[in-house]
Amino acid sequence: MAIDYTQKIPNNVHLSDDKQLQRALEKWQPHFLDWWKEMGPEGFQQKDVYLRTATSVDAKGWATYGMTKMPDYRWGIFLADQVPDRKIGFGDHFGEPAWQQVPGEFRSDLRRLIVTQGDTEPASVEQQRLLGQNCPSLYDLRNLFQVNVEEGRHLWAMVYLLHAYFGRDGREEAEELLERHSGDRNKPRILSTFNEPIDDWMSFYCFTYFTDRDGKYQLKMLAESGFDPLSRTCRFMLTEEAHHMFVGETGLGRVIKRALEVMEEIKSDDPAAIRRAGAVDLPLIQKYINFWFSSAQDLFGSDTSTNAANYFANGLKGRPDEDNYADHIAKDATYEIEEVLEDGTIKPVSIPLRNAMNVVARRAYVKDCDIGVQRWNRLIRKAGVDFEMKLPSERFRRTVGVYAGHHFTPEGKPVEAHVWEARKYEWIPSPDDRAYVKSLMRQVIAPGKMAGWVAPPDRGINNLAVDYEYVRL
Ligand SMILES: [Fe+2]
Ligand SMILES: [Fe+2]
């Protein structure tokens, strides 16, 4: 379905047929713009940026590219096309027609799911607002802004659902999505990870690789929802989200590539020598991976969860790629997770599958994370370097679920607290490591030029050259 761009709010949901909803959203729109100008990317609001915008929601040709000032980006409401006669694909309502309205008994659960998802979208824009000041290239700067405007659009996606289906409390929630701010002492964002500032580009690449990928898995689960408007919204968001993970995967790949080039130039794999030459050594990249992978895993929630079981039973939130499973009811099935005993030893336990849905989703996520890691390893092997990137164990550095409160090495071996304290900076970035990365963060804005710690991308955006002027400064 084509998107109507003649409207004040671009949309493909026939917004003009519902005057009351249209008025309510047109009232929210200036609040969103005020938020964007105040909390969005700092310092580049009046610059032309080469951005893509959705033109339709089908898989092919949905994007158009052009120079746009970010506040003029056409944020709007885009839902994937309705699947005729769509049925609920899992849980106790399996096989029943998908809901076009919110069932009364699930209203507060659905609202909570939508608000929690919605809150992460503007949060990430706020976290990343200062990154433009130390971008490694114009190409990267443009990618950052593309990610940012799309996260802004994802906020629109959730706000539309709140306004259209949740009446007055939905409208109030939509206001609050603009009132909470990342890191705000009084009104922080809902999930703690989204309150940490992201002020260096190693962290940005890791965020887009690991944290945005958690977002992808949350959206995949919500795309299965029996509440059809939520499913359609999330299906289209997933197509936008793919670019964010591309930024992360190619970003970290380029840092690795640059490290390998420097190692070849200086004929050394000594981290100190690599740092003297201005690149990020492979062990340090591994530490960033350890840090971000473990914190992203916490976003999936507890290993045993009655909330997750209820969401599944009630058809609100399925498994990622629910089609891949044979049993969509999952009522009597069990699933093996781990339990950590007092003394730190690990014991397998079987729990009802529905209660283990967070782990099921998390493990699918881990597999997906590993694909990029193996690609990076091919790069390293091709350079003839003896080093392998690895995702740490799911037990490593967790603050949520069964492993929280215990300490494990990246290999998953239990260690006592004093061992963890003594050794943790072998595994995650130390203050010195972070200071080093910070020292590399200098703004590079001449077209085609790259900071010395990151290799240029293989190609530019939309078939343009790498040295295209992606942001006109
Ligand atoms: Fe998003
Ligand atoms: Fe994203």
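**Notes on the predicted model**

1. Let's start with helix α2, residues 107-127. Its 21 residues should span 30 Å at 1.5 Å a residue, and the end C-alpha atoms do sit 30 Å apart, so expectation and model agree. As for its surroundings, 15 of those 21 residues are buried, so α2 is largely enclosed by the rest of the structure. Bear in mind that this is a predicted model.

2. Helix α10 gets a similar check. It runs over residues 357-382, 26 residues in total, and reaches 38 Å from first C-alpha to last, close to the 38 Å expected at 1.5 Å a residue. The buried residues here are M357, N358, V359, V360, A361, R362, Y365, C369, G372 and W376. What do the buried residues of α10 pack against? Four helices and a strand turn up: α5 (201-223), α6 (228-266), α8 (282-298), α9 (306-313) and β3 (334-340). Just after α10 comes G384, with a positive phi of about 75°.

3. Next, the α3/α4 pair. Helix α3 covers residues 138-165 and helix α4 residues 167-179; their axes come within 7 Å and cross at roughly 155°. That angle is over 145°, which makes α3 roughly antiparallel to α4. On the α3 side, the contact uses L155, V159, L162, H163 and Y165, and these meet G170, R171, E173, A174 and L177 of α4. Sorted by class, the contact has 6 nonpolar, 2 polar and 2 charged residues.

4. On to the strands. β1 (residues 48-54) is mostly covered, with 5 of its 7 residues buried. It is joined to β2 (residues 63-69) by 7 bridges, and the two run antiparallel; within that pairing, A54 stands opposite A63. β1 also pairs with β7 (residues 471-472), again antiparallel, this time through 2 bridges. There, D48 of β1 faces R472 of β7.

5. Two backbone spots to look at, both in loops. K267 has phi near 50°, a positive value in a residue other than glycine. K267 belongs to the loop between α6 and α7 (271-276). Is K267 buried or exposed? It has 7 C-beta neighbours inside 10 Å, and 12 or fewer is the cut-off, so K267 counts as exposed.

6. The other spot is D321, which is not a glycine either, yet has a positive phi of about 55°. You'll find D321 in the loop between α9 and β3. With 14 other C-beta atoms within 10 Å, D321 is partly exposed.

Terms used. Residues are numbered from 1 along each chain as its sequence is written. Chains are lettered from A and ligands numbered from 1 in the order in which they are written. This is a predicted model: local features need pLDDT of at least 70, side-chain atom pairs count only at pLDDT 80 or more; totals for chains, interfaces and linings use all residues. The expected span of a helix is 1.5 Å times one less than its number of residues. A residue is buried if 20 or more other C-beta atoms lie within 10 Å of its own, exposed if 12 or fewer, and partly exposed in between; C-beta atoms are placed from the backbone. Two residues are in contact if their C-beta atoms, placed from the backbone, lie within 7 Å. Two strands pair if DSSP finds at least two bridges between them. Axes are lines fitted to C-alpha atoms, for helices over the stretch in contact, and angles run from 0 to 180 degrees between N-to-C directions. Angles under 35 degrees count as roughly parallel, over 145 as roughly antiparallel, 65 to 115 as roughly perpendicular and the rest as oblique. Ala, Val, Leu, Ile, Met, Phe, Trp, Tyr, Cys and Pro count as nonpolar, Asp, Glu, Lys and Arg as charged, and the others, Gly among them, as polar.
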